[in-house]
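Hi,

Here is the structure I promised to pass on. Have a look at it first, and then read my notes below.

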Amino acid sequence: MSLLTLRDLRVASAAKELVHGVSFTLEPGEQLGLVGESGSGKSLTAMSVVGLLATGLRASGSVLLGGQEVVGQPDRRLVPLRGAVASVVFQDPRSALDPLMRLGRQLAEPIRRRAAREGRALTASALKAEQLQWLDRVAIAEPERILAAFPHEVSGGQRQRIAIAMALACGPRLLIADEPTTALDVTTQAEVLDLLDGLVKAEGLALLFISHDLPVVARITDRVIVMRQGDVVEEGPARRVFTRPAHEYTKALVGAARRLEAALAGDELP
Ligand SMILES: Nc1ncnc2c1ncn2[C@@H]1O[C@H](COP(=O)(O)OP(=O)(O)OP(=O)(O)O)[C@@H](O)[C@H]1O
């Protein structure tokens, strides 16, 4: 059974429809990219998967996550799916972190929730060992200082690493990453992306990776869906979409990415 199946997902505000019927499936362990310019409906599609649309927005159609319908379900039905089946890493790690709580306490929460779900007793020393293990897996140096720190006392890259650790510590089968590196500087972007890619593959997780950056998506996903103004305009293997785009809009996205790469490399622009 597919881990995730969207059938004719539509998202509308009181004023208008914003996502016009998106359908796709995601298999366990598969990495899928969702690309498109700003405002194309990527985030609304992704947030519909976990039933986290803003007030005033309504989803219709069907989203089956881990075999359970998400659309139209009350929060109490969705809470058990969040973290256990799918968890989310957002563009700005501050949205996942409480500014007034030490990072160690925040990281302890998903570790405790997972242990409770799995019926494991967790002693204080076992909890500490798991916290340190997660910090190691997200390549955080000075783990003791970081555990005792508040979010504003660590760098943006470290905040995102902690947010990734928290998302994975829940033990999900699907990780949704919504522009997870956009808020970081270029060097940190590459490091965090490699980290995310490595962890997802090591854990055998499915990934729904959202970005406007087609080359990045092509690098870490198997398959790509291209969205424009609330519609899917192209879907296919990541390499093929990047090297031989079929739709005019995808051609424009690829062309823009190539021009940017050439400019950064100091080549002459075509
Ligand atoms: N709460 C809301 N109320 C009304 N319209 C919204 C709301 N959230 C998003 N929209 C609109 O829905 C459309 C799709 O938004 P969405 O956030 O999914 O785009 P996106 O492709 O993720 O863009 P970005 O890359 O900038 O995040 C946009 O036109 C946006 O303005």
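**What I found**

Let's start at the ligand. It has 14 residues around it, and the ones that come nearest are Ser38, Lys42, Ser43, Leu44 and Ala54. Keep in mind that this is a predicted model. By type, the shell around the ligand is made up of nine polar residues, four nonpolar ones and one charged one. Helix α1, residues 42–49, gives the largest share of that shell, with three residues.

Now for the sheet. Six strands form an open sheet with mixed pairing, and their order is β6-β7-β8-β3-β9-β10. At the edges sit β6 (86–89) and β10 (231–237), each of which pairs on one side only. On average, neighbouring strands here are turned by 15 degrees against each other, ignoring direction.

One pairing you can look up yourself is that of β3 (residues 31–35) with β9 (residues 223–228), which runs in the parallel sense over four bridges. To find one of the bridges, go to glycine 33: its partner in β9 is valine 224.

Two helices to look at next to the sheet: α1, which you met at the ligand, also packs on the sheet and touches β3, β6, β7 (174–178), β8 (206–211) and β9. The direction of α1 makes about 150 degrees with that of β8. Helix α6 (residues 156–169) packs on the sheet too, where it touches β6 and β7. Between the directions of α6 and β6 the angle is about 175 degrees.

Cheers

Conventions: Residues are numbered from 1 along each chain as its sequence is written. This is a predicted model: local features need pLDDT of at least 70, side-chain atom pairs count only at pLDDT 80 or more; totals for chains, interfaces and linings use all residues. A residue is near a molecule or strand if its C-beta atom, placed from the backbone, lies within 6 Å of it. Ala, Val, Leu, Ile, Met, Phe, Trp, Tyr, Cys and Pro count as nonpolar, Asp, Glu, Lys and Arg as charged, and the others, Gly among them, as polar. Two strands pair if DSSP finds at least two bridges between them. Axes are lines fitted to C-alpha atoms, for helices over the stretch in contact, and angles run from 0 to 180 degrees between N-to-C directions. Two residues are in contact if their C-beta atoms, placed from the backbone, lie within 7 Å.
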